[in-house]
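Subject: Structure handover

Hi,

Here is the structure I said I would pass on. Please open it alongside this email.

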Amino acid sequence: MTAEQLISFARGAPSLDIVDVEGLKAAAVRAFDTDPAGITAYGTSVGYPPLRKWIADKHGVPADQVLITNGSLQADAFLFDHLVRPGDPVVVERPTYDRTLLNLKQLGSELHAVTIQPDGIDTAELRKLLESGVRPRLAHIIPNYQNPAGVTLSLDKRRELLDLAVEYGFTIFEDDPYADIRFRGEALPSMLSLDTRDVVVHASSFTKTVCPGVRVGYLVGPAALIADIAKKATNLYISPGMVSEAIVYQFCVSGDIDRSIETVSTALGERARVLAESLRRHIPDARFVEPDGGYFLWVELPDDVDVELVAPAAAERGVAVVKGSDFVAEGGRHALRLAFSAVTADRIDEGVRRLAEAVAEVRSR
C-alpha cells in the first residue's frame with residue numbers, strides 16, 4: 001500500500017497544507033536576527049523568557065507560574081512524576097488519551113476511569129466515587145474537544161469539578177492542547193481562569209496551532225509547584241530547545257499564530273463536517289458526537305462489530321484507524337477513534353466508504 005493510496009484516520013496531526021511553512025521560515029529568520037545570543041545558548045530550565053511572558057499574558061498569570069517544555073507530553077510527564085506515587089489513586093476520563101494511560105500505569109498509580117458523556121466527564125459518577133472513600137491525588141481532564149471522544153466539558157461541569165477538587169483535596173490537571181482549534185459554538189473559560197483556590201494545573205502546546213515539529217508545550221500552575229518542577233527540568237536537560245521556542249515566540253508576536261489558528265480551524269471544521277456526513281451515509285447505525293473543534297471523532301459501532309477485526313480489515317482496504325480499546329483500561333471493543341486532521345476533505349468520503357466495507361465484512365463473518 002503506497003502513501004498515496006493510504007487514507008489515515010490514525011494520527012492526530014495536521015496535514016502539511018494547513019501548516020504555515022512560510023510564516024515559520026520568516027519567524028526563524030527573525031528569531032536569529034533579533035536574539036542570536038539568547039537562542040544559541042543553553043537558556044533557562046523554565047524556557048525562552050519572552051515566550052514564557054507571552055504565555056503568562058495569554059493566561060493572565062505571572063511569568064513565574066509558567067514552565068515551557070519540549071511538547072505538552074513532557075509537561076504531563078513532569079507533573080505526573082512530581083505528584084503521583086505508586087499506588088496513588090488517579091481519576092482519568094473513560095476514554096482518554098492512550099499515552100496518559102500508559103504513563104500513569106508505568107508510575108504504578110491506581111486508575112479510576114469515569115465515564116465521558118456528550119458534555120464531558122460524568123460528574124455525578126465522579127462524586128459517587130469520591131463519596132465511596134476514594135481520594136485521588138489528581139484528576140486528568142481534557143476539557144475541549146477531548147482526545148479521543150471529541151466532546152467538550154460544559155461550563156457547569158467545569159465549576160462542579162473545581163468545587164469537588166476543593167472539597168476532596170485533589171489537583172485538577174487541565175490538559176488543554178486543542179482549545180484554540182474551535183470551529184463551532186462559543187469558547188468556554190478554562191478551569192485555570194475560573195480557579196481561585198489553586199487546585200488547577202493547566203497544560204497546553206503549540207503543536208495544534210503552529211505545528212507538531214516545534215515540540216513546544218507548557219505548564220501553568222501555582223508558582224511553588226512550577227519552581228519545584230523547574231529544578232527537576234534543570235537536572236534533566238538544563239534547558240528545553242531555545243531555537244524552537246524563539247521561533248514560536250516570533251510566530252506569536254507577529255500575529256501569524258492568529259492567522260494559523262483561523263486556517264487550521266476553518267479546514268478542520270470542513271473535515272469534521274464531511275466526516276460526520278460520510279459516516280451517516282455509509283455507516284448509518286454508527287453513533288457519535290459531532291465535535292465543535294479539535295482533531296478527533298469517536299465512533300461507537302453496533303455490538304456485533306468487533307474493532308479488533310475491523311482495524312485489520314480496514315487496513316487491507318487502505319484505511320488506518322485506531323481501536324477504541326487503546327483508550328480505555330478495559331472495553332472499547334466496539335469503538336474507533338477517527339482523526340480527521342490529516343485527511344483532506346476530498347479524501348474523507350472515500351476513506352469512510354472503505355471503512356464501511358470493512359465493517360460489513362466483519363458483520364458477515
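Below are my notes on helices, a sheet and some backbone details. Please keep in mind that this is a predicted model.

Helix H4

Start with H4. This helix covers residues 72–83, twelve in number. From first C-alpha to last, H4 reaches 17 Å, close to the 16 Å expected at 1.5 Å a residue. How many of the twelve residues of H4 are buried? Nine are, so the helix is largely enclosed by the rest of the structure. The cut-off for buried is under 20% relative accessible area. The buried set includes the aromatic positions Phe 78 and Phe 80, along with Leu 79, His 82 and Leu 83. Ser 72, Gln 74, Ala 75 and Asp 76 are buried as well.

H4 against H9

H4 packs on helix H9, residues 223–237. Their axes come within 10 Å and cross at roughly 110°. An angle from 65 to 115 degrees counts as roughly perpendicular, and H4 and H9 are therefore roughly perpendicular to each other. The crossing of H4 and H9 is right-handed. On the H4 side, the contact is made by Gln 74, Phe 78, Leu 79, Asp 81, His 82 and Leu 83. H9 contributes Leu 225, Asp 228, Ile 229, Lys 232, Ala 233, Leu 236 and Tyr 237. Note the overlap with the buried list: Phe 78 is in the contact with H9, and Phe 78 is also buried.

H3 against H10

The next pair is H3 (residues 49–59) and H10 (residues 242–253). These helices pack at about 45°, and their axes are 8 Å apart. That makes H3 oblique to H10. The crossing of H3 and H10 is left-handed. From H3, Pro 50, Leu 51 and Trp 54 make the contact. From H10, the residues are Glu 245, Val 248, Tyr 249, Cys 252 and Val 253.

The sheet

There is an open sheet of four strands, in the order E10-E11-E14-E13. The pairing is antiparallel. Which strands stand at the edges? They are E10 (287–288) and E13 (322–323). Each has a single partner strand, so one side of each is left without a neighbour in the sheet. E11 (residues 296–300) and E14 (residues 335–339) pair over five bridges, in the antiparallel sense. For a register point, find Glu 300: this residue stands opposite Ala 335 in E14.

Cis peptide bonds

Two bonds to check, each leading into a proline. The bond from Arg 94 to Pro 95 is cis, with omega near 5°. Pro 95 sits in the loop between strand E3 (89–94) and helix H5 (98–106). Asn 147 and Pro 148 are also joined by a cis peptide bond, with omega about 20°. The place of Pro 148 is the loop between strand E6 (138–141) and helix H7 (155–168).

Positive phi

Asp 198 is not a glycine, yet its phi is positive, about 55°. The residue lies in the loop between helix H8 (191–194) and strand E8 (200–205). Is Asp 198 buried or exposed? Its relative accessibility is 57%. The cut-off for exposed is over 50%, so Asp 198 counts as exposed.

Arg 215 also has a positive phi without being a glycine, at about 50°. Look for Arg 215 in the loop between E8 and strand E9 (217–220). With a relative accessible area of 38%, Arg 215 is partly exposed.

Best wishes

Methods:
Residues numbered from 1 in each chain as written. Predicted model: local features only at pLDDT ≥ 70, side-chain atom pairs only at ≥ 80, totals over all residues. Heavy atoms only, no water. Helix = DSSP H or I, 4+ residues; strand = E, 2+ residues; numbered from the N terminus. Buried < 20%, exposed > 50% of the residue type's maximum accessible area, 1.4 Å probe, protein only. Pairing = 2+ DSSP bridges. Expected span 1.5 Å × (residues − 1). Axes fitted to C-alpha atoms, helices over the stretch in contact; angles between N-to-C directions. Parallel < 35°, antiparallel > 145°, perpendicular 65-115°, else oblique. Left-handed = near helix turned anticlockwise from the far one by under 90°. Contact = heavy atoms within 4.5 Å.
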